[in-house]
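Student: I have a model open on my screen and would like to learn how to read it. Could you take me through it feature by feature?

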Amino acid sequence: MQARATHICLDCGYIYTLQKPFEDQPDTYGCPQCQAPKKRFAKYDVNTGRAIGGNLPPIGVIIGLVAGLGAVGALLVYGLQ
């Protein structure tokens with residue numbers, strides 16, 4: 001199975017191992033584990049067990065940072081008056 005591992009989901013770590021080449025999957029393809037869109041996958045290096053490129057953090061981290069910054073901003077604007 002390791003030889004077929006070509007891509008990894010950056011959100012949950014699911015490793016794509018299907019026989020159909022990942023590039024042949026439609027743009028609507030989603031991760032079977034977390035439903036992340038195809039663009040959240042990166043090429044996978046079977047030797048290191050890591051993504052090649054794909055330096056984006058998981059979407060949950062991005063949402064958390066944006067929400068946190070919004071909350072701090074709201075506190076600064078409304079909480080200190």
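The dialogue below goes from the overall layout to single residues.

Tutor: Happy to. Keep in mind from the start that this is a predicted model.

Student: Which elements does the protein chain have, and in what order do they run?

Tutor: Begin with the elements and follow them from the N terminus. Here the order is β-β-β-β-α, that is, four strands and one helix. The helix, helix 1, covers residues 59–79.

Student: What share of the residues is buried?

Tutor: In the protein chain, 22% of the 81 residues count as buried. The accessible surface is about 5,800 Å², and carbon and sulfur atoms make up 62% of that. You can also look at how far apart in sequence the contacting residues are. Among contacts with a separation of 6 or more, 37% join residues 24 or more positions apart.

Student: Which residues make up the largest nonpolar core?

Tutor: Look for buried nonpolar side chains that are joined to one another. The largest such core has eight residues: C9, Y14, Y16, F22, Y29, C31, A36 and F41. Take F22 as a way in. Leaving aside residues up to four places away in sequence, F22 touches T6, H7, Y16, Y29, K38 and F41.

Student: Is Q25 buried or exposed?

Tutor: Q25 counts as buried, because its relative accessibility is 12% and the cut-off for buried is under 20%. Q25 sits in the loop between strand 2 (15–16) and strand 3 (41–45). With residues up to four places away in sequence left out, the contacts of Q25 are Y16, L18, K20 and K38.

Student: Why is there no disulfide between C12 and C31?

Tutor: The test is the distance between the two sulfur atoms. For C12, the closest cysteine sulfur is that of C31, at 3.6 Å, so the two are too far apart for a bond; a disulfide needs the sulfur atoms within 2.5 Å. The structure as a whole holds zero disulfides. The surroundings of the two cysteines are worth a look too: C12 is partly exposed, at 33% relative accessible area, whereas C31 is buried, at 1%.

Student: How many salt bridges are there, and which side chains meet?

Tutor: Side chains of opposite charge can pair when their charged atoms come close. In this model the count is one salt bridge. It joins the side chains of R40 and D11, with 2.7 Å from N to O. This pair links distant parts of the chain, 29 residues apart: R40 is in the loop between strand 2 and strand 3, and D11 is in the loop between strand 1 (7–9) and strand 2. R40 is buried, with a relative accessible area of 6%, while D11 is partly exposed, at 22%.

Student: Which residues make the nonpolar surface patch?

Tutor: Now turn to the outside and search for nonpolar side chains there. V72, L76, V77 and Y78 make a patch of about 440 Å². V72 belongs to helix 1 and counts as partly exposed, at 47% relative accessibility.

Student: What is unusual to check in the backbone, say the phi of Q35?

Tutor: Check the sign of phi in residues other than glycine. Q35 has a positive phi, near 65 degrees. Q35 lies in the loop between strand 2 and strand 3, and with a relative accessible area of 59% it is exposed.

Note on methods: Residues are numbered from 1 along each chain as its sequence is written. This is a predicted model: local features need pLDDT of at least 70, side-chain atom pairs count only at pLDDT 80 or more; totals for chains, interfaces and linings use all residues. Side-chain values use heavy atoms; hydrogens and water are left out. Helices (H or I, at least four residues) and strands (E, at least two) are DSSP runs, numbered from the N terminus. Buried means under 20% relative accessible area, exposed over 50%, partly exposed in between (1.4 Å probe, protein chains only). Contact means heavy atoms within 4.5 Å. Accessible areas come from the Shrake-Rupley method with a 1.4 Å probe; for residues, only the protein chains shown count as cover. A nonpolar core is a set of buried Ala, Val, Leu, Ile, Met, Phe, Trp, Tyr and Cys residues joined through side-chain atoms within 4.5 Å. A salt bridge is a side-chain nitrogen of Lys or Arg within 4 Å of a carboxyl oxygen of Asp or Glu. Patches are made of residues with over 30% relative accessible area and no salt bridge: like charges are joined within 9 Å, nonpolar side chains (Val, Leu, Ile, Met, Phe, Trp, Tyr) within 5 Å.
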